[in-house]
Amino acid sequence: MQASYQIGTQQHVARPQDPALYLVATPIGNLGDITLRALETLAAADVLACEDTRVTRVLLNRYGITTRPFAYHEHNAERAGPKLLAALGEGKSVALVSDAGTPLVSDPGFRLVEQALAAGYRVVPIPGASAPMAALVACGLPSDSFFFGGFLPNKDKARRDRLSQVEQMPATLMFFESPRRLRDTLSACVDVMGGERKAAVCRELTKAFEEIRRGDLATLSDHYASVDTVKGEVVLVIEPPLEKVVDIDDADTILRQLLETLSPARAASEAARQTGLPRKELYNRLLTMKGDSA
């Protein structure tokens, strides 16, 4: 039976795919956000690997694609990966999709691609939907330079350490976050970066209840602290640090003033925002100042 896909009432024949590993981007919510090239690849692939066959079947059924999906995810990669590589070795075409968006972006698959390339197999990207890029272009923050940090650590200290590492990067910052951790993450961002940096919480992108809430970190933190339940996948976008650098003596004066009303951690974060100096350096200076005055 010839491979095909359907758009509306129109049936389209899918051309055979050359032997390769195809990384196929799928919609992040709205099933209409699929490319024609992606549909043809999914329909004609000899093997279709996906995170969750139930999720992928929804997309396949929408477009009349009969290719049978094969489960490949972080929990079975050691067993399933060799089977996919064997299929490539037999000259077959293998398509890899995630549950939503572009494969390998905070999803399993890197190891498979690495092994496929090492074995000399061709790897072909089929671009399309991507939650970080959708958030970036819609949030109103600088897009000429950006850093995507994936998911932040679950534990509070590790999360704050990670934020401290990237807070002074001269780029817009983007992170994935789960709805249940959003409140804690925004609070940590305020403590580490200060509350006045502009940011956006982009939630349920391309879906019926899409929300892009813009504001400074303090305002966003206060809002989501008052919300009982947050639903949907979240992309958090934060503007680059202000390009302000002052003399270190002036920074000490600022630190002393801030310490009158703020905790040491908050004082260091706010001083970093005002001066452009690294928060860690300012925090260490603050501790030294407190020690000298003891």
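**Salt bridges, aromatic contacts and local elements of the predicted model**

The side chains of Lys92 and Glu90 come together in a salt bridge with an N to O distance of 3.4 Å, in a structure that is a predicted model. Glu90 is exposed, because its relative accessible area of 56% lies over the 50% that marks this class, whereas Lys92, at 33% relative accessibility, counts as partly exposed. The pair is one of the 14 salt bridges that a search of the whole structure finds. Side chains of opposite charge can pair when their charged atoms come close.

A further salt bridge is formed between the side chains of Asp156 and Arg159, with 3.5 Å from N to O. Both residues belong to helix 6 (residues 156-166), where a separation of 3 residues places them about one turn of the helix apart. An α-helix has 3.6 residues a turn, so residues three or four places apart point the same way. The two partners nevertheless fall into separate accessibility classes: Asp156 is partly exposed, with a relative accessible area of 38%, while Arg159 is buried, with a relative accessible area of 3%.

The salt bridge between Arg266 and Asp191 has its closest N and O atoms 2.7 Å apart. Because Arg266 lies in helix 10 (residues 264-275) and Asp191 in helix 7 (residues 182-193), this pair ties together parts that are 75 residues apart in sequence. Arg266 is partly exposed, with a relative accessible area of 38%, and its partner Asp191 is buried, with a relative accessible area of 12%. Through salt bridges that share partners, Asp191 and Arg266 are joined with Asp156, Arg159 and Arg160 into one network.

Aromatic contacts were examined next. The structure holds 2 aromatic pairs. In one of them, Phe148 and Phe176 adopt an edge-to-face arrangement, with 5.0 Å from centre to centre and 75° between the planes. This pair links distant parts of the chain, since Phe148 is located in strand 8 (residues 146-151) and Phe176 in strand 9 (residues 172-177), 28 residues apart. With a relative accessibility of 27%, Phe148 counts as partly exposed, whereas Phe176, at 12%, counts as buried. Phe176 also pairs with Phe151, here in a tilted arrangement with 5.4 Å between the centres and 55° between the planes. The link again spans distant parts of the chain, with Phe151 in strand 8 and Phe176 in strand 9, 25 residues apart. Phe151 counts as partly exposed at 40% relative accessibility. Taken together, Phe148, Phe151 and Phe176 form one aromatic cluster.

Strands 8 and 9 also enter the description of helix 5 (residues 131-138), in which Ala131, Pro132, Ala135 and Leu136 are buried. When helix 5 is seen down its axis, these buried residues fall within an arc of 130°, so they line one face of the helix. The elements that cover the buried residues of helix 5 include strand 8, strand 9, strand 10 (198-203) and strand 12. Helix 5 is followed by Gly140, which has a positive phi, near 80°.

A positive phi is also found in the turn of a hairpin formed by strand 1 and strand 2, where Gly8 has a value of about 65° and 2 residues lie between the strands. Strand 1 (residues 4-7) and strand 2 (residues 10-13) run antiparallel and are joined by 4 bridges. Among the residues involved, Ile7 has Gln10 in strand 2 as its bridge partner.

Strand 12 (234-238) borders a further segment of interest, as the loop between helix 8 (217-225) and this strand contains Thr229. Thr229 is exposed, with a relative accessible area of 55%. From C-alpha to C-alpha, Thr229 is 31 Å from Ala268 in space, and the two residues are 39 apart in sequence.

Technical notes. Residues are numbered from 1 along each chain as its sequence is written. This is a predicted model: local features need pLDDT of at least 70, side-chain atom pairs count only at pLDDT 80 or more; totals for chains, interfaces and linings use all residues. Side-chain values use heavy atoms; hydrogens and water are left out. Buried means under 20% relative accessible area, exposed over 50%, partly exposed in between (1.4 Å probe, protein chains only). Rings of Phe, Tyr and Trp (its six-membered ring) pair if their centres lie within 6.5 Å; planes under 30 degrees apart count as stacked, over 60 as edge-to-face and the rest as tilted. Two strands pair if DSSP finds at least two bridges between them. A salt bridge is a side-chain nitrogen of Lys or Arg within 4 Å of a carboxyl oxygen of Asp or Glu. The arc is that of the directions from the helix axis to the C-beta atoms. Contact means heavy atoms within 4.5 Å.
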